[in-house]
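Please read the following account alongside the sequence and the model. It moves from strands and sheets to individual side-chain pairs.

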Amino acid sequence: MQRHARKAAAPDGSARVSPRRAGPTQGATHGATDGQTAKLLDLQASAGNAAVTSLVTGSHGHAFLPFVQRYEAGEHSQFGSSEKVMINGVEMTQGDVIAMGDFYDTPEAMKSANPNELAKLRDLIRRDQRAYRGEAGVTPVGNKEWDDATGGRYLTLASQNVAHFAPPAGQTGLVGVNHKAKWYDLSKQALSQAWLDGRTNGQKVSNEARTIDSFAAHFLTDAFAAGHLINKPSVTQLARTKWSQMATSGMLFKETTFTKLAASGIVSHPKAKSELAKYELKLLDWGDVTAERFSEFMYQVASREPDKFFNAFARMVHDSLDDAIKGDGSGAVAGLDVTNDRGDKWKLAGDATLSSSPDTLRIASAAVAQANANLAVAARAQSEPNYSDLQGKVWEYTPKPTTGGQGMIDDVIKRLTNPDNFDAVEAMIKLTVDQLPTAIGELVGLGYMRPKTKLK
């Protein structure tokens, strides 16, 4: 049943304190002296709200928070074989290379990377795999570790990950930026390389062909994550359209019902309250991270960095679909129902939930194995092979939602891209609290937050 954003039960079960209703100037003058308010009013009259916004958010041009959406590296690597691949002098397995698609934009970037960085990432991937397979005492690798290992590249790529999601609904051709088009392009490169090298090396699959094919398999296996059956640009556009229809309050520092409720839930959440109390947030001046200030800050970010802000709504849809396989605690059969062109029917897993669906691991691994077999076929071919036929044998393994599964996807998108729906508020609170260490680290680095201890 759809719930409206003005219902008052907090996601953590505690009573929610309703945010104050801002009057015409209430949001504008919060935390400002009379002189600052006068200055702001003059500025708005002469330069418009954009100038005011720049005072609040600065000119860094970075994301408020890169909401990472991916199979964990330790999950991606499970889809590949243990066959060895050499990259810039570093020995890896195919599974290791499959996971590299989150750390490099192209196979060429990976192949030219510093060997020390490659070795570091390989070791982290293997640790992450051990953690996701449930090895006692082994912890998954966190966002900061990945970002440090890549010199800050990881979170940048995470905010530009459209190619890891599905084509728009109804699209049949290999058009645009999506995981199907990306895999077909890279897979064809790998097959062509295998054929060319096979003509001169005794019809063996070359290391170069296997490297490209393994990197391509990252996008193939993205197609087996429930949260990646959506087209990300379509989802974010829906959220932006709904957002533009919301009423705002405040004259200079604007807010919406969504930002008020989300900010209130975040700063009062038991897992976030004590941590946020250690920091100050900058609007015009430094001040405590209160619900009001955080609400105003969220709205300014949405105005200045809409592409990156609405990425959060895609992440909320993504997470809901990935988590569907966990169930709702009622004991009912859970999961997104899918099928494929081979006739398989199963409940699809997603990012961080692969262990809940052995069928997803089995069928996706079979798709990767078919791609491996195709390389051998291409290497032995006397004339250039029919690439599309070979690729079709792989893609027929990939999942498609059943009628019921598509209904689930449509319902999740409808609810979580609508800021007026309380489900979207709850999802934003959960997402921000879950990602709080990454969020604080980013905001401190960009100069929007600072530890209180540094003021003494």
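**Sheets, a buried serine and salt bridges**

Strand S3 (residues 279-282) pairs with S8 in the antiparallel sense over 3 bridges, where helices (H or I, at least four residues) and strands (E, at least two) are DSSP runs numbered from the N terminus, and two strands pair if DSSP finds at least two bridges between them. This is a predicted model, in which local features need pLDDT of at least 70 and side-chain atom pairs count only at pLDDT 80 or more, whereas totals for chains, interfaces and linings use all residues. Residues are numbered from 1 along each chain as its sequence is written, and side-chain values use heavy atoms, with hydrogens and water left out.

Within the pairing of S3 and S8, glutamate 280 stands opposite arginine 450 in S8. The two strands belong to an open sheet of 3 strands with the order S4-S3-S8 and antiparallel pairing, whose edge strands, S4 (286-288) and S8 (449-451), each pair on one side only. Neighbouring strands of this sheet are turned by 40° against each other on average, direction ignored; for such values, axes are lines fitted to C-alpha atoms, for helices over the stretch in contact, and angles run from 0 to 180 degrees between N-to-C directions. Helix H15 (residues 291-304) packs on the sheet, touching S3 and S4, and its direction makes about 45° with that of S3, contact here meaning heavy atoms within 4.5 Å.

Another open sheet of 3 strands has the order S6-S5-S7, again with antiparallel pairing, and its edge strands are S6 (345-348) and S7 (400-401), each of which pairs on one side only. Strand S5 (residues 336-339) runs antiparallel to S6 and is joined to that strand by 4 bridges. Across this pairing, valine 338 stands opposite tryptophan 346 in S6, and threonine 339 stands opposite lysine 345 in S6. The hairpin of S5 and S6 has 5 residues between the strands, and in this hairpin glycine 343 takes a positive phi near 95°.

Away from the strands, the loop between helix H12 (232-244) and helix H13 (257-268) contains serine 249. Is serine 249 buried or exposed? Serine 249 has a relative accessible area of 14% and is therefore buried, given that buried means under 20% relative accessible area, exposed over 50%, and partly exposed in between (1.4 Å probe, protein chains only). The side chain of serine 249 makes a polar contact of 3.1 Å with that of lysine 260, a polar contact being a pair of N or O atoms within 3.5 Å, where within protein one must be able to donate a hydrogen and the other to accept it, and residues adjacent in sequence count only if both atoms are side-chain atoms.

The structure holds 22 salt bridges, each defined as a side-chain nitrogen of Lys or Arg within 4 Å of a carboxyl oxygen of Asp or Glu. One of them links arginine 315 to aspartate 319, with the closest N and O atoms 2.6 Å apart. Because these residues are 4 apart in helix H17 (residues 311-323), arginine 315 and aspartate 319 are separated by about one helical turn. Arginine 315 is buried at 10% relative accessible area, and aspartate 319 also counts as buried, at 19%.

In another salt bridge, the side chains of glutamate 135 and arginine 130 meet at 3.0 Å, N to O; glutamate 135 is partly exposed at 38% relative accessible area, and arginine 130 is partly exposed at 38%. Lysine 326 and aspartate 323 meet through their side chains at 3.5 Å, N to O, in a further salt bridge, with lysine 326 exposed at 54% and aspartate 323 partly exposed at 26%. Salt bridges that share partners also join Asp411, Arg415 and Asp423 into one network.
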